[in-house]
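The exercises below are to be worked with the sequence and the 3D structure at hand. Each task is followed by its solution in steps.

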Amino acid sequence: MKPLRAPLHTDLLLVPANRIGQSVFSLPQLKILQEVIPLAVFVPLAVLCMNQPVKLDYLRAALSTMGAAYFIFRT
């Protein structure tokens with residue numbers, strides 16, 4: 001039985017949490033990126049392709065995530 005393999009596009013969107021990633025970003029920055037990238041991909045996909053309604057809670061969550069990214073990346 002072949003092992004399951006994720007599609008290529010998911011590999012391209014992964015956070016570079018290896019030596020290259022750690023030389024550019026700190027560990028907290030990598031963790032925030034790990035949260036922001038999937039949300040930035042999944043939410044538009046859910047709204048546009050899967051016809052999910054936009055709820056106020058989704059907008060609040062997006063603002064919270066954007067705030068976390070802002071505070072973690074400011075220097």
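A residue is called buried under 20% relative accessible area, exposed over 50%, and partly exposed in between (1.4 Å probe, protein chains only). The model is a predicted one, in which local features need pLDDT of at least 70 and side-chain atom pairs count only at pLDDT 80 or more, while totals for chains, interfaces and linings use all residues. Residues are numbered from 1 along each chain as its sequence is written, and side-chain values use heavy atoms, with hydrogens and water left out.

**Exercise 1. Overall layout**

Task: State how many helices and strands there are in the protein, and what part of the residues is buried.

Solution.
Step 1. Helices (H or I, at least four residues) and strands (E, at least two) are taken as DSSP runs and numbered from the N terminus.
Step 2. The protein has four helices and zero strands; along the sequence the pattern reads α-α-α-α.
Step 3. Of the 75 residues, 12% are buried.
Step 4. Accessible areas come from the Shrake-Rupley method with a 1.4 Å probe, and for residues only the protein chains shown count as cover. The protein exposes about 6600 Å², and carbon and sulfur atoms supply 69% of that area.

**Exercise 2. Val43, a patch and a pocket**

Task: Find where Val43 is placed, and decide whether Val43 is buried, partly exposed or exposed.

Solution.
Step 1. Val43 belongs to helix H3, residues 27-48.
Step 2. Val43 has a relative accessible area of 37%, so Val43 counts as partly exposed.
Step 3. Patches are made of residues with over 30% relative accessible area and no salt bridge; like charges are joined within 9 Å, and nonpolar side chains (Val, Leu, Ile, Met, Phe, Trp, Tyr) within 5 Å. Together with Leu39, Phe42, Leu45 and Met50, Val43 makes a nonpolar surface patch of about 440 Å².
Step 4. On a 1 Å grid over the protein atoms alone, a pocket is an open set of points where a 1.4 Å probe fits, with protein on both sides within 12 Å along at least five of seven lines; lining residues have an atom within 4 Å of a point. Grid points are joined across faces, edges and corners, and a volume is the space filled by probe spheres set on the points.
Step 5. The volume of the largest pocket is about 380 Å³. Val43 is among the residues closest to its centre, with Leu39, Ala40, Tyr58 and Ala62, out of 15 that line it.
Step 6. H3 and H4 are the elements that give two or more residues to this lining; the largest share, seven residues, is from H3.

**Exercise 3. Salt bridges**

Task: Count the salt bridges and say which helix holds Glu35 and Lys31.

Solution.
Step 1. A salt bridge needs a side-chain nitrogen of Lys or Arg within 4 Å of a carboxyl oxygen of Asp or Glu. The count is two.
Step 2. Glu35 pairs with Lys31, with the closest N and O atoms 3.2 Å apart. Both lie in helix H3, four residues apart, about one turn of the helix.
Step 3. Glu35 is partly exposed at 39% relative accessibility, and Lys31 is partly exposed at 42%.
Step 4. Arg60 and Asp57 form a salt bridge at 3.5 Å, N to O. These two lie in helix H4, three residues apart, again about one turn.
Step 5. Arg60 is partly exposed at 48%, whereas Asp57 is exposed at 52%.

**Exercise 4. Aromatic pairs**

Task: Count the aromatic pairs and say which parts of the chain Phe25 and Phe73 link.

Solution.
Step 1. Rings of Phe, Tyr and Trp (its six-membered ring) pair if their centres lie within 6.5 Å; planes under 30 degrees apart count as stacked, over 60 as edge-to-face and the rest as tilted.
Step 2. There are two aromatic pairs by this rule. Phe25 and Phe73 are edge-to-face, 5.9 Å centre to centre with 85 degrees between the planes.
Step 3. This pair links distant parts of the chain, 48 residues apart: Phe25 is in the loop between helix H2 (19-24) and H3, and Phe73 is in helix H4 (residues 56-73).
Step 4. The ring centres of Tyr70 and Phe71 are 5.1 Å apart and their planes lie at 70 degrees, so this pair is also edge-to-face.
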